[in-house]
Amino acid sequence: MANQKLGCLFKIIFLYMFSLPVQGRSTSFFNTNKLLLDERQSSLFVSNPKYLRPERSLANESIETRIGRLEMSLEDEKNLRRNQEKKVNGLVSSLEELKKMTEKQSVNMQTMREDLHRQFSLLDKNRSPHVRRLEVWLGEIKSWFTDMSNEVKQVSKNSALIQEILGKLAESNVSISNVSMEILTLKHSFANLNYTILKKAENLKNEKSNCASGWGGEKCDVMLQDCSHISKFYNTGSGIYTIFLGYTKMSVFCNMDIDSAGWTVIQRRKDGSVNFANRTYLEYSNGFGNLSGEFWIGNDKLHQMTKEADYMLRIDLEKWDGSKWYALYNSFGVGSAEDGYKLNVSGYSGTAEDSLLGFFPSNGARFSTIDRDVDGSMYSSCATTTRRGGWWYGIHCGMASLNGIYYNEPFSKGCSGIVWYALRMSCESMKFSEMKIRLKH
């Protein structure tokens, strides 16, 4: 900027020298027809009033005066430049402070973002199991409503058939009450006969110094009929023992560790080593598995054991979180093969809630398997669809199924696992289940 002004100064001096009278003719300094300055140079002076003076004054001024005035103008320009530089420096400082504040805010925002990410991760982790359980509940409720709707439609379609059957029953000459009395009489006769046989068997004596398997008492003259007899005569621990079922010996597993001992185990699930889901009606009738591991004692044996004596039923359950629960029924019995091994149970108490007598009870249901569908569902087989394995399936397949598929996690496909629905109202599959019976007295 200073170099440009000095150049302009020399040009003005040069023009001034040419503006003096030449060859008897005088020329004014600011005569526009005679100016040799280009348009850009002339605009510099014309636009600034400080440089405009009358022609007579300019002509009379000395070169030193004009140079002094130009130097003052240059000094003003320098002062203006210094003020502008101060403003620019102030703006730069402000920008530096703004940059530091922005960087600090960026660090704070990053920290907040990481905290929010951790909180959302924790929230999602805590939310997932509850959401999955809610999804399972909603699916089950939807399934129940669908089942009920289908059954209502089926009842409507069969209303005419039901009316026809009722008419035939009304026309029949057979007295149902008389038949019931005859059945009860026969049951009492068989009960008395069986009691007489057992008493005679108990009077048999064994001359050996040690009782043979299945026998007990001081004189080895008592036939051991279940684990409660064994706990009465022997102070032993849990394990496999021999008892008499009628006059036939059989091996059973006795649980001597729970609630005063003497429990005969009839079912156990603990590791999935035995397949329960795809067993036939005959297999469930005879029993299967390993007494030391997973097994089903057999429906025929259950009927023989419970038909003449009063038994209690205890069911012990363990969830995958390690919590343990139990259900105790004061009365338990299983019907004959002709009656479909019908379940008779009553008198619930315990901590696991009631899944056999509550909504959609198993009590009174016959035993269903994959090859014999006698369940309470009108449109599907519980043993092969919504549930799995042999069980006493009631209306809508009931609320319990301890012979389902063994899953190595609590979540099962639908309700096909080891299910005790009343426990937290869920189809969660159990880690462990054990069913056992004991004489009431």
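This report describes the strand β15 and the nonpolar cores of a predicted model.

The protein has 441 residues, of which 35% count as buried, and its chain forms nine helices and 15 strands. Among contacts between residues at least 6 apart in sequence, 52% join residues at least 24 apart. The accessible surface comes to about 27,400 Å², and carbon and sulfur atoms account for 56% of that area.

Strand β15, which covers residues 432-439, is mostly covered, since seven of its eight residues are buried. Two strands that pair with β15 are set out below, each with a pair of residues that stand opposite one another.

| Partner of β15 | Residues | Sense | Bridges | Opposite residues |
|---|---|---|---|---|
| β5 | residues 263-269 | antiparallel | five bridges | Val265 and Lys436 |
| β8 | residues 311-318 | antiparallel | eight bridges | Leu313 and Ile437 |

Leu313, which faces Ile437 of β15, also belongs to the largest nonpolar core, a group of 57 residues in which Leu313, Met435, Leu356, Trp296, Trp392 and Trp420 have the most contacts. Strand β9 (residues 324-334) gives the most to this core, contributing five residues. A second core, separate from this one, has seven residues, including Phe360, Cys415, Tyr421 and Ala422. Such grouping fits a broader pattern, because in soluble globular proteins nonpolar side chains tend to be buried together.

Which residues does Leu356 touch, if those up to four places away in sequence are not counted? Among them are Leu313, Ile315, Tyr329, Val345, Trp391, Ala400 and Trp420, and the list also includes Pro361, Ser362 and Asn363.

Key: Residues numbered from 1 in each chain as written. Predicted model: local features only at pLDDT ≥ 70, side-chain atom pairs only at ≥ 80, totals over all residues. Heavy atoms only, no water. Buried < 20%, exposed > 50% of the residue type's maximum accessible area, 1.4 Å probe, protein only. Helix = DSSP H or I, 4+ residues; strand = E, 2+ residues; numbered from the N terminus. Pairing = 2+ DSSP bridges. Core = buried A, V, L, I, M, F, W, Y, C linked by side-chain atoms within 4.5 Å. Contact = heavy atoms within 4.5 Å. Areas by Shrake-Rupley, 256 points an atom, 1.4 Å probe, with all protein chains shown as cover.
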